[in-house]
Every structure is written in structure tokens, then in C-alpha cells.
Amino acid sequence: MIFAQRVSFGFTGGVNLTRDFPSSRDIYFDPSYPTGLSAAERYSDGHGLIAGLSLEVDLGRGVSLEGNALRRQLHFKLRSIFPDGTVQEDGRIEIGPWEFPILLKYRMPSFRSIRPFLEAGPSFRTRHNPGGSEPSQVGATFGAGVEFHAKKLRISPAVRYTRWQYDGDFPRIATKRDQIEFVTGISYATSLPSWRVGGRKLRFGFMGGTPFTPGLEQVPAPQRLNEAQGYIAGLAVELEVNRRWCIEIDGLYRPFRADQISNPADFPKSSFEFTVLTWQFPMLGKYRFRPESKVRPFAEAGPSIRLSGNLNGYNPSRYGFTVGSGIETDYKAMRVAPVLRYTRWDRDERAWFMSADTARNQLEFLLSLTF
């Protein structure tokens, strides 16, 4: 068994070392307190817990690829301060994002059974309950730590820094862009040849790409949508049936981000930025045309299921059908497969108050790395 074939599954947990939101103070006049000015404060005074799962694949020569799915609670408090010195606590608001860092890790030479490492890569996040805040979805993460081994167990404490994209202006409550956290990973190392179900080879990996078509239909005039270029990211699982056939199931996150601009004839121009979140689960049969070749063309087809959240007035349909075509090749234990996919979604169930639907036709380019 070569080093590049080792894979680790485990748990990652920790605590953030920075505040979730920057502190702010707004001064205003309250008619109930005419003797002076009142203040409204927003502050974050705790350090939330971080917990989730991890998957790491050793690529050889001290390099590995790690992916995490982490749940992290963000919170802030509101309070009012009146001219007579009275302080009124106005409550606590929590936002529960999921964070998905995908990191390239480099391990340095061991020193007395301790192996330092550096890691870096993109991070993504999503949330169900924005609660007045809409955290940005893309950032970059850098980290450093040390690794200990106890037989097949790996224990990896590390300090990570993430710089998130700016959330947006008022009326959003922007999160703190600079995030520092202490995390510890506990994982179990295994080997790729041991991944089998019913005697058939099982592969796990990562998948990401970009859509070529918009996710949302245009709204009726005089309004219009400016949709941002999206991304798709998630996990892939393949079960080999034989040399020509396999079954693939993906779990993909795709947000629809747009700016709705209104410009009625007799009113000022206004805009509203929003995001509709979707999770897509294509279940595909894949056929290889030249299984003996180093570069193998393939075709795939099957049903897709879609879940959604943070709807902002939309109601994405749940079912579709996906077809695709691409090529695959192997590098050591890693399989690389670029693919072009088309999905036809069912019609959305639109309520009376909705003005537009999600797009039924979806064309996208994806790249999967499985092991």
C-alpha cells in the first residue's frame, strides 16, 4: 500500500477566537426620553462552538487534500441605552451557518513524533436562518498546526484564519470578515482498497464547477434581475458495478445570488440583493465507452432531487432529470473526471405572491476528484 492511498475520516471541533459581528452604536432621539439622546448598541460577546466532519486524502510527499463540513453558531446581542442611564437588553439573535473549507495541506518532516503542517484553500458557507444577517458565501482559509499519531488515529490541533467576502451594505447586519479559530481534528486512517460494498469498489471525493445558465428567471418589467456568476461544490460517491458501468450519487450545493432592481416610472430606483439556496442530489448511471483506455469517455443519466432554503419568495421544484458527458483518467489513486451536465427541472409550485420562478434548464461544467 502506498502513502497516496491513505484516507482519513473523522471529527473536527473547536471554538472561534474572534467576535462574530463587529460592535456598533447608533445615536437617535426617542420622544419618550426628551432630555437627551438614546443609543442602540449591537455587540457580540461570546465565542461559539464549531463542530463537524472531515475527510482527508493523502496525495503523497507530505501533501493531502482535506474537506470539512462544519456547523458554527454566530450570534449578536441588542441593547438600548437611554439618557437617564437605563440599559434595556433587547434580545439575542443567532445565525447558524454551515462552513465548508477545502484545504490543501502540507506536512513538514516529523520532529519527535510531532509533524507540523500548513494548510490553505477556499471556504464556502451557507445558512438557513439569516436573522437580519446574510453572511457572504465565499472566503479563503489559511492554517497551521501539528499532527500526532496513535496507531491509525490522527490528532491535529490547528489555528485557522479565514477572510470572508464582504456581506453587503444596509439593511444587512454584516458579520466580521476576519475569523480566527482553534480547531482539533480526530480522524481514523484507512486505505482506498478497503472501500468496498458487496465486493464492488467504492469511491469518495469532491466535486465543483460553474453553471453556464442562470438559476432564476427574469421578473416582469419594470423590475429586472442581475444574477451573479454562481458556483457549485459538494461531494461525490461512485460504486463500480463492472468495468463499463458505475452508479454515482452527488451532494451539490448551488446558491442563486441576484440583485433585484426596481425602477418604476414615478418612484426612485431601488435594489435588493438576495440569495436562494439549493442542494442538488443527482443519482446517475455512468457508462464508460473505452474502459481499457487511459482516457475514458463516458455518458451518464438519471434523476435529480433538489432541496432549498432561504427562499426569498421562490419555491424551487424538487425533481429533475440529468444527462451528462465527459472523460475520466487516473493519476495514482485519484480519478479526475471533467463533465458537462444538463438538468431539466420540473415546474416550480408558485404561490399567488410570487413573481418569478427558478430556471428549468440548467447547464453546468463540473470537475470531480475521487479516490
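**Entry 1: the second largest cavity**

I began with the second largest cavity of this predicted model, and I noted that its lining is made by T18, R19, D20, R72, L74, R125, W164, T175, K176, D178 and Q179. The space inside this second largest cavity comes to about 60 Å³. When I sorted the lining residues by class, I found 6 charged, 3 polar and 2 nonpolar ones.

**Entry 2: the largest cavity**

I then searched the whole structure for enclosed space and found 4 cavities of 30 Å³ or more. The largest cavity holds about 130 Å³, and among the 16 residues of its lining, T12, E66, K105, S156 and G185 are the closest to the centre. I looked up which elements give two or more residues to this lining, and these are β4 (49-60), β9 (115-127), β11 (153-164) and β12 (178-191). Strand β12 provides the largest share, with 5 residues. By class I wrote down 6 charged, 6 polar and 4 nonpolar residues for the lining of the largest cavity.

**Entry 3: the largest pocket**

Next I turned to the pockets, where the largest one has a volume of about 590 Å³. It is lined by 26 residues, of which A69, F100, G234, L235 and G251 are the closest to its centre. Two or more lining residues come from each of β1 (6-16), β4, β5 (63-72), β8 (97-107), β14 (200-211), β16 (232-240), β17 (245-262) and β18 (270-288), and the largest share, 5 residues, belongs to β16. I noted that the lining of the largest pocket has 19 nonpolar and 7 polar residues, and no charged residues.

**Entry 4: a nonpolar patch on the surface**

On the surface I looked up a nonpolar patch of about 780 Å², which is made by V241, W245, I247, I249, F281, M283, I305, L307 and Y319. The elements that contribute two or more residues to this patch are β17, β18 and β19 (296-309), and β17 gives the most, with 3 residues. I also placed Y319, which lies in strand β20 (residues 319-331).

**Entry 5: salt bridges between distant parts of the chain**

I counted 27 salt bridges in the structure, and I followed a few of them. In one of these, the side chains of R154 and E56 meet with an N to O distance of 3.8 Å; R154 sits in strand β11 and E56 in strand β4, so that the pair links parts of the chain 98 residues apart. Both R154 and E56 are buried.

E66, which I had met among the residues closest to the centre of the largest cavity, forms a salt bridge with R160, with 3.5 Å between the closest N and O atoms. This pair links strand β5, where E66 lies, with strand β11, where R160 lies, across 94 residues, and I found both E66 and R160 to be buried.

**Entry 6: E240, R335 and their network**

In a further salt bridge, the closest N and O atoms of E240 and R335 are 2.9 Å apart. Because E240 belongs to strand β16 and R335 to strand β21 (residues 334-345), the pair ties together parts that are 95 residues apart in sequence. Are E240 and R335 buried or exposed? Buried means under 20% relative accessible area, so E240, at 14% relative accessibility, counts as buried, and R335 counts as buried at 9% relative accessibility. Finally I noted that salt bridges with shared partners join E238, E240, E248, D250, K286, R288, R296, E300, E328, D330, R335 and R341 into one network.

Key:
Residues are numbered from 1 along each chain as its sequence is written. This is a predicted model: local features need pLDDT of at least 70, side-chain atom pairs count only at pLDDT 80 or more; totals for chains, interfaces and linings use all residues. Side-chain values use heavy atoms; hydrogens and water are left out. On a 1 Å grid over the protein atoms alone, a cavity is a set of points where a 1.4 Å probe fits but cannot get out, and a pocket is an open set with protein on both sides within 12 Å along at least five of seven lines; lining residues have an atom within 4 Å of a point. Grid points are joined across faces, edges and corners, and a volume is the space filled by probe spheres set on the points. Helices (H or I, at least four residues) and strands (E, at least two) are DSSP runs, numbered from the N terminus. Ala, Val, Leu, Ile, Met, Phe, Trp, Tyr, Cys and Pro count as nonpolar, Asp, Glu, Lys and Arg as charged, and the others, Gly among them, as polar. Patches are made of residues with over 30% relative accessible area and no salt bridge: like charges are joined within 9 Å, nonpolar side chains (Val, Leu, Ile, Met, Phe, Trp, Tyr) within 5 Å. Accessible areas come from the Shrake-Rupley method with a 1.4 Å probe; for residues, only the protein chains shown count as cover. A salt bridge is a side-chain nitrogen of Lys or Arg within 4 Å of a carboxyl oxygen of Asp or Glu. Buried means under 20% relative accessible area, exposed over 50%, partly exposed in between (1.4 Å probe, protein chains only).
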